[in-house]
Amino acid sequence: QIFELPSKPMSHETIISRMEGYHAKEKSQWEDGWVSGAVYHGGVDHIEVQNKAFNLYAISNPLHPDIWPSVMKFEAEVVSMTASFLNGGDKAVCGTMTSGGTESILMAAKTHRQWASETKGITNFEIVAPVTAHAGIDKACEILNIKLVHVPVDQKTMAVNPKTLRKYVNADTIMIYASAPQYPHGIIDPVAELGEIAQEFGCGLHVDCCLGGFVLPFAKKLGYPIPDFDFGVPGVTSMSVDTHKYGYATKGTSVVLYRNKEFRRYQYFTYPNWLGGLYVTPSTAGSRPGALSAATWASMMAMGEEGYLAATKEIMEAQRKVKEAVSKMNGIYLNGDPIAMIVAFGSKEVNVYSIADKMSKKGWSLNSLQNPPSVHICMTLRNCKVADKFIEDLQQCVDECLADPTAIDQDGSAPVYGMTSSLPKGAIDTVLQAYTDVVLKV
């Protein structure tokens, strides 16, 4: 543990040696494909080309385009390439890069707020979103002082009913929020129907495609039954797409897209009166790591359309195999009917978190969900090669839980979720804050 700067410089060899030690302890689980999400590609050659690109631009900063014009070229081309398979034939679609899905969502909310204020005179801003929406929109609304209206979903299909959502839209609604797919259960919201509602009320429609942006368009091209979800749907005004997930880029990059340049301008921050000179940034940050933009460009160029098509097919087939196996297991049930990369399951017979705890002891790192209690795996390229092992282990863990339904591992997540389900929101907030304090502690 290090609490203060070393009194003398540490040798480069010692620094790297220590870091290699930390890295070695953490590498095996994700590299072997036993982690849900988190590492989406992980191939040695792919990491190498990204690292080389990163090293070339390690000190670059997009805030200074006069010094690093090539970084701006990379960013513009990353956005253009991303828009090319999501624009629905509308060449006016444009956007910017951000630091991740949360900032892309934040920027979309900010853009719609500014647009609604300047063009519609709205002052009491509201965003309508299904309860399955990513927590990033909750964070955005808290930061931007926007009222977020949550819409319930069907507890069996985990999908939002457009007729139900329409009842929550009013004259103060600046944006409807849809997911393609949503993170908990992998369900794609009915974007086409929500687009009709957005046009009827004259508000925006944001499609959170952070998970699906680099999967759904290629899956659709491969012939999988993917519903319309992008700018080809009338009414869609913005989309968030994570390059650092299934775009297989280095962590810390995403793209937010808009219907046209006029709409995108509401995202910019401009301050002409600063004593330091004329100031403008396209997104939240001032200085940004140009190395991440360069590595993202290198990743997309290294994959190409053929690479994304091949990766998508592998993931879709692995997801289909796991989904089919889960649907046939006694003691658990599928949450809805996911058609992309997520497989989520719950149970009416055992504590589903106990299943997750048993899987954890076998080496798996899955994601626990709530309301209803569920567990999911987000299939990545790393998982595809161990899909059969996942099914085998899951079946064994489910059988063990069915044999003793009341048994709960006190060291696992089951007791934690059991406790929080009975506590009020304020108490849970305190628990989460305390947890974060511990994580941030040296």
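Q: Which elements each supply at least two residues of the lining of the second largest pocket?

A: The model is predicted, so to speak of local features requires pLDDT of at least 70 and side-chain atom pairs count only at pLDDT 80 or more, while totals for chains, interfaces and linings use all residues. Residues are numbered from 1 along each chain as its sequence is written, and side-chain values use heavy atoms, without hydrogens and water. A pocket is an open set of points on a 1 Å grid over the protein atoms alone where a 1.4 Å probe fits, with protein on both sides within 12 Å along at least five of seven lines; lining residues have an atom within 4 Å of a point. Here, α1 (12-31) and α2 (44-56) each contribute at least two lining residues; helices are DSSP runs of H or I, at least four residues, and strands runs of E, at least two.

Q: Which residues are closest to the centre of the second largest pocket?

A: They are His23, Trp30, Gly42, Ile47 and Asn51, out of 21 lining residues.

Q: Where do cis peptide bonds occur?

A: One runs from Ala180 to Pro181, with omega near -10 degrees; Pro181 lies in the loop between β4 (173-179) and α7 (191-201). Another joins Asn371 and Pro372, with omega about 5 degrees, and Pro372 is in the loop between β12 (367-369) and β13.

Q: Is Met158, a residue with positive phi, buried or exposed?

A: Buried means under 20% relative accessible area and exposed over 50%, with partly exposed in between (1.4 Å probe, protein chains only). Met158, whose phi is near 60 degrees, is buried at 1%. Asn145, with phi about 55 degrees, is exposed at 66%.
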